[in-house]
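Dear colleague,

I am handing over a structure that you may like to look through before reading my notes. Please open it first, and then follow the notes below alongside it.

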Amino acid sequence: MNTTADSNLTKRALAAAMKELMEQMPFSKISVSDIAEQCGMNRKSFYYHFKDKYDLVNWIFDMEYLQLSSRQDYAGIWDFLTELCSFFYENRSFYRRALRIEGQNSFLEHFKEVLEPSIKYFLASSLEEAKYQQFCINFYADAFIAAFVRWLSEKDCVPPQEFVRMLKASIYAAVKRVEVAEL
């Protein structure tokens with residue numbers, strides 16, 4: 001018997017239970033007991049696999065998106081953002097709720113931690129001064145996340161390709177207005 005396969009089955013069952021519960025009630029009202037009960041397990045089984053319910057939500061993202069994106073070779077940041085936005089758009093019912101979770105270990109914190117290395121990778125050649133590198137990464141991560149949350153929270157959010165075009169147009173318009181002499 002393969003214990004890794006069994007572990008993944010259990011984690012996937014807990015993930016499905018969490019997704020179902022988040023459709024029915026706010027995250028703050030969901031307990032570990034609710035999650036375990038939803039898939040016919042006990043709390044001990046849950047804690048064997050996850051630290052808490054925040055860890056489970058983050059694992060869902062890691063399994064669903066990060067495994068998909070790790071197989072991609074992006075031509076640039078816009079391709080990366082388009083795929084990321086497409087993923088969230090297709091799964092917006094769950095991620096709209098996940099992005100509202102606040103506090104330590106929240107999905108929003110986890111998402112920022114995942115996003116920052118990608119931004120750093122794509123901006124590396126543009127960031128000449130190392131002392132501004134982390135500031136720039138934080139700036140773009142914060143700006144993107146704020147725009148992203150607003151976009152995904154809209155009842156009738158535009159398709160991902162249009163959202164990325166709006167991001168691109170906004171960034172390029174701002175850059176065009178800044179004169180190098182002002183820096």
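There are four salt bridges in this structure, which is a predicted model. In one of them E64 pairs with K19, their closest N and O atoms lying 2.3 Å apart. Because E64 sits in helix α4 and K19 in helix α1 (residues 3-24), this pair ties together parts that are 45 residues apart in sequence. E64 counts as partly exposed, since its relative accessibility is 27%, and K19 is also partly exposed, at 26%.

Another salt bridge joins the side chains of R97 and E23, at 3.7 Å from N to O, and it links distant parts of the chain, with R97 in helix α6 (residues 92-98) and E23 in helix α1, 74 residues apart.

In helix α7 (residues 107-123), E116 and K112 are four residues apart, about one turn of the helix, and their side chains meet in a salt bridge of 3.8 Å, N to O. Together with D142, these two residues, K112 and E116, form a network of salt bridges.

Helix α4 (residues 53-69) deserves a second look. Its 17 residues should span 24 Å at 1.5 Å a residue, and the C-alpha atoms at its ends are 24 Å apart, so the two values agree. A kink of about 30 degrees is nevertheless found in α4, centred on D62. At the N-terminal end of α4, D52 acts as a cap, with a side-chain oxygen 3.1 Å from the backbone nitrogen of Y54.

Finally, F135, F139 and Y140 make a nonpolar surface patch of about 330 Å².

Best wishes

Terms used: Residues numbered from 1 in each chain as written. Predicted model: local features only at pLDDT ≥ 70, side-chain atom pairs only at ≥ 80, totals over all residues. Heavy atoms only, no water. Patch = residues over 30% accessible without salt bridge, like charges linked within 9 Å, V, L, I, M, F, W, Y side chains within 5 Å. Areas by Shrake-Rupley, 256 points an atom, 1.4 Å probe, with all protein chains shown as cover. Helix = DSSP H or I, 4+ residues; strand = E, 2+ residues; numbered from the N terminus. Expected span 1.5 Å × (residues − 1). Bend = angle between axes of the 7 residues up to and from the residue. Polar contact = N/O pair within 3.5 Å; in protein donor to acceptor, adjacent residues only side chain to side chain. Buried < 20%, exposed > 50% of the residue type's maximum accessible area, 1.4 Å probe, protein only.
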